[in-house]
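I opened a fresh page for this one and wrote down what I looked up, step by step. Follow along with the sequence and the model beside you.

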Amino acid sequence: MKAHEVLTAAAKVLRDFGWCQGANARDANGKDVPVADPGGSRRPNPEAARFSIYGAIMRAGLTGDRQTQTGPMWDVLVREAVDRRRDGTPITSRQHQVFEYNDREGMTIEGALDFLEACADRMKSVDETTKATESPFPT
């Protein structure tokens with residue numbers, strides 16, 4: 001799976017399951033739950049009902065193959081988050097810019113989808129020039 005396909009799949013995760021803030025994934029009652037099945041293996045957690053941008057990327061990776069070039073993908077994600085913060089909204093923590101972008105006040109699922117789709121578009125040209133050799137997901 002190429003990185004832009006992971007990002008496109010992540011947008012589908014948000015469309016199919018829903019979006020959340022303040023956690024990578026939440027169950028139907030809003031409780032913070034792991035993205036992956038806590039019982040081990042590389043399966044999605046069946047209790048996860050909504051996902052943050054990061055959680056959706058991880059969920060997409062659990063269901064895709066593991067040959068994705070991640071360095072460039074995270075470069076694109078961070079650059080897009082930084083570019084979108086030019087509205088004067090300060091980065092208030094040292095957390096990864098993508099987490100903070102997801103959790104900013106006023107963010108919506110539409111904004112999260114737009115973000116992932118823009119990153120997927122940016123990533124297409126990078127994917128065309130790089131070989132998929134490393135996995136973004138722990139083994």
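**Entry 1: around E47**

I began with E47 and set aside its neighbours within four places in sequence: E47 is in contact with R26, D27, A28 and V33. A caution for the whole notebook is that this is a predicted model. Where does E47 sit? I found E47 in the loop between β1 (25-26) and β2. I also checked E47 against V35: these two are twelve residues apart along the chain, and their C-alpha atoms are separated by 8.7 Å.

P46 was my next stop, and P46 belongs to the loop between β1 and β2. Is P46 buried or exposed? I noted P46 as exposed, because its relative accessible area is 71% and the cut-off for exposed is over 50%. From P46 to P34 I read 9.8 Å in space, C-alpha to C-alpha, with their positions twelve residues apart in sequence.

**Entry 2: R26, one of the contacts of E47**

I then turned to R26, which lies in strand β1. With a relative accessible area of 18%, R26 is buried, because buried means under 20%. Which residues does R26 touch, leaving aside neighbours within four places in sequence? I listed C20, Q21, K31, D32, V33, E47, A48, A49 and R50. For A49 I looked up the spacing too: the C-alpha atoms of R26 and A49 are separated by 5.9 Å, and the two residues are 23 apart along the chain.

**Entry 3: stepping back to the whole chain**

After those local checks I wanted the overall layout. I counted five helices and two strands in the protein chain. Read along the sequence, they follow the pattern α-β-β-α-α-α-α. The chain has 139 residues, and buried residues make up 43% of them. For the accessible surface I noted about 7300 Å², with 49% of it belonging to carbon and sulfur atoms. I also looked at contacts between residues at least 6 apart in sequence, and 65% of these join residues at least 24 apart.

**Entry 4: the nonpolar core**

Which residues touch the most other members of the largest nonpolar core? My note reads L7, I53, I57, M73, L77, F115 and L116, out of 34 residues in that core. The elements that give two or more residues to this core are α1, α2 (53-63), α3 (70-84), α4 (97-103) and α5 (109-129).

I picked F115 for a second look. Not counting residues up to four places away in sequence, F115 touches I53, L77, E80, A81, R84, V98 and Y101.

**Entry 5: aromatic pairs**

How many aromatic pairs does a search of the whole structure find? I got three. One of them joins F17 and F51, and this pair is edge-to-face, at 5.6 Å centre to centre and 85° between the planes. F17 lies in helix α1 (residues 3-17) and F51 in strand β2 (residues 50-51), so the pair ties together parts that are 34 residues apart in sequence. I compared the cover of the two rings' residues: F17 is partly exposed, at a relative accessible area of 35%, whereas F51 counts as buried at 0%.

**Entry 6: cysteines and R79**

I searched the whole structure for disulfides and found zero. I looked up two cysteines anyway. C20 counts as buried at 2% relative accessibility, and C119 counts as buried at 0%.

From C119 I crossed to R79, which is found in helix α3. R79 is partly exposed, with a relative accessible area of 39%. The C-alpha atoms of R79 and C119 are separated by 9.0 Å, while the residues are 40 apart along the chain.

**Entry 7: how far to trust the coordinates**

I kept confidence for the end. The protein chain averages a pLDDT of 81, and 77% of the residues score at least 70. Which stretch should I mark with a pencil? Over residues 132-139 the pLDDT is below 50, and beyond near neighbours in sequence this stretch has 24 contacts in the model. Where pLDDT is low, the predicted coordinates should not be read in detail.

Conventions
Residues numbered from 1 in each chain as written. Predicted model: local features only at pLDDT ≥ 70, side-chain atom pairs only at ≥ 80, totals over all residues. Heavy atoms only, no water. Helix = DSSP H or I, 4+ residues; strand = E, 2+ residues; numbered from the N terminus. Buried < 20%, exposed > 50% of the residue type's maximum accessible area, 1.4 Å probe, protein only. Contact = heavy atoms within 4.5 Å. Areas by Shrake-Rupley, 256 points an atom, 1.4 Å probe, with all protein chains shown as cover. Phe/Tyr/Trp six-rings, centres within 6.5 Å; stacked < 30°, edge-to-face > 60°. Core = buried A, V, L, I, M, F, W, Y, C linked by side-chain atoms within 4.5 Å. pLDDT = per-residue confidence, 0-100. Disulfide = S-S within 2.5 Å.
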